[in-house]
Amino acid sequence: MSNITVEPDGQAELGPCADCGSSTRSVWGYAYDDGACIAAYFARWTVGHQPQQPFHFLLSVGRWGEGAEPSMRRRIGVECRMGEDRPGFMVIDADALNWGQGESLVPALTRAQALADPARDVAFSVLDRVVFDDPRVHAFLSGGRQLTTG
Ligand SMILES: [Zn+2]
């Protein structure tokens, strides 16, 4: 068992969805394991879309903080959609998420690379916490309902 905690940070409105005109929102934050930052996460969805429609997470997993460089991290792209009572996740090519949010120097893993990289396990552990502990993500996913735990 890890002791991953989540610290929500900023958010931004990215303009209207080309399909429905609703605002697309980006939120981000950081994940810590026993006090050490292990990942940043970015989520992007369109307000007014259903959480059963696919939306995306980008995680930057690895060394953060003093002395850490972008080359010490890996970018992992994840497609998410809400299932019956819990969200489902699928790794995608990180390069498919061309979000340009400061982590562009961090090597992007393809789906195949991510599935073979230990950073993938970290990413999924972080996402398991984010969907409960980032209230913005939780509110979108649950649509006001309670999510089931593990
Ligand atoms: Zn839309």
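This tour moves from the whole chain to one strand, its two neighbours and a single residue.

**The whole chain**

Begin with the full chain displayed as a cartoon, and keep in mind that the model is predicted. The chain contains three helices and six strands. Colour the cartoon from the N terminus onward, and the elements appear in the order β-β-β-β-β-β-α-α-α. Next, show the C-alpha trace and rotate the view: along its principal axes the trace spans about 40 × 35 × 30 Å. The radius of gyration of the chain is 15 Å, which agrees with the value near 15 Å for a compact globule of 150 residues. Of these 150 residues, 33% count as buried. Consider also the contacts between residues at least 6 apart in sequence: 49% of them join residues at least 24 apart.

**Strand E3**

Select residues 36-46, which make up strand E3. Is this strand mostly covered or mostly uncovered? Strand E3 is mostly covered, as eight of its eleven residues are buried. Show the side chains as sticks while studying the strand. In a regular strand, the side chains alternate between the two faces of the sheet.

**The neighbour E2**

Add residues 23-33, strand E2, to the selection. How many bridges join E2 to E3? There are ten, and the two strands run antiparallel. To find one of the paired positions, select Asp33 together with Ala36, its bridge partner in E3. Now look at the turn: E2 and E3 form a hairpin, with two residues between them. Select Asp34 in this turn, where phi is positive, at about 50°.

**The neighbour E4**

Extend the selection to residues 55-62, strand E4. Six bridges join E3 to E4, and this pair is also antiparallel. Select Phe42 and then Leu58, its bridge partner in E4. Strand E3 is thus a useful place to pause, with bridges to E2 and bridges to E4.

**Thr46**

Finish by selecting Thr46, which lies in strand E3. Why does Thr46 count as buried? The residue is buried because 20 other C-beta atoms lie within 10 Å, and the cut-off for a buried residue is 20 or more. Which residues does Thr46 touch, leaving aside those up to four places away in sequence? They are Cys17, Ser22 and Thr24. As a last step, select Gly21 and draw a distance from its C-alpha to that of Thr46: the two residues are 25 apart in sequence and 9.2 Å apart in space.

Key: Residues are numbered from 1 along each chain as its sequence is written. This is a predicted model: local features need pLDDT of at least 70, side-chain atom pairs count only at pLDDT 80 or more; totals for chains, interfaces and linings use all residues. A residue is buried if 20 or more other C-beta atoms lie within 10 Å of its own, exposed if 12 or fewer, and partly exposed in between; C-beta atoms are placed from the backbone. Helices (H or I, at least four residues) and strands (E, at least two) are DSSP runs, numbered from the N terminus. Two strands pair if DSSP finds at least two bridges between them. Two residues are in contact if their C-beta atoms, placed from the backbone, lie within 7 Å. The radius of gyration is taken over C-alpha atoms; the globule rule is 2.2 Å times the number of residues to the power 0.38.
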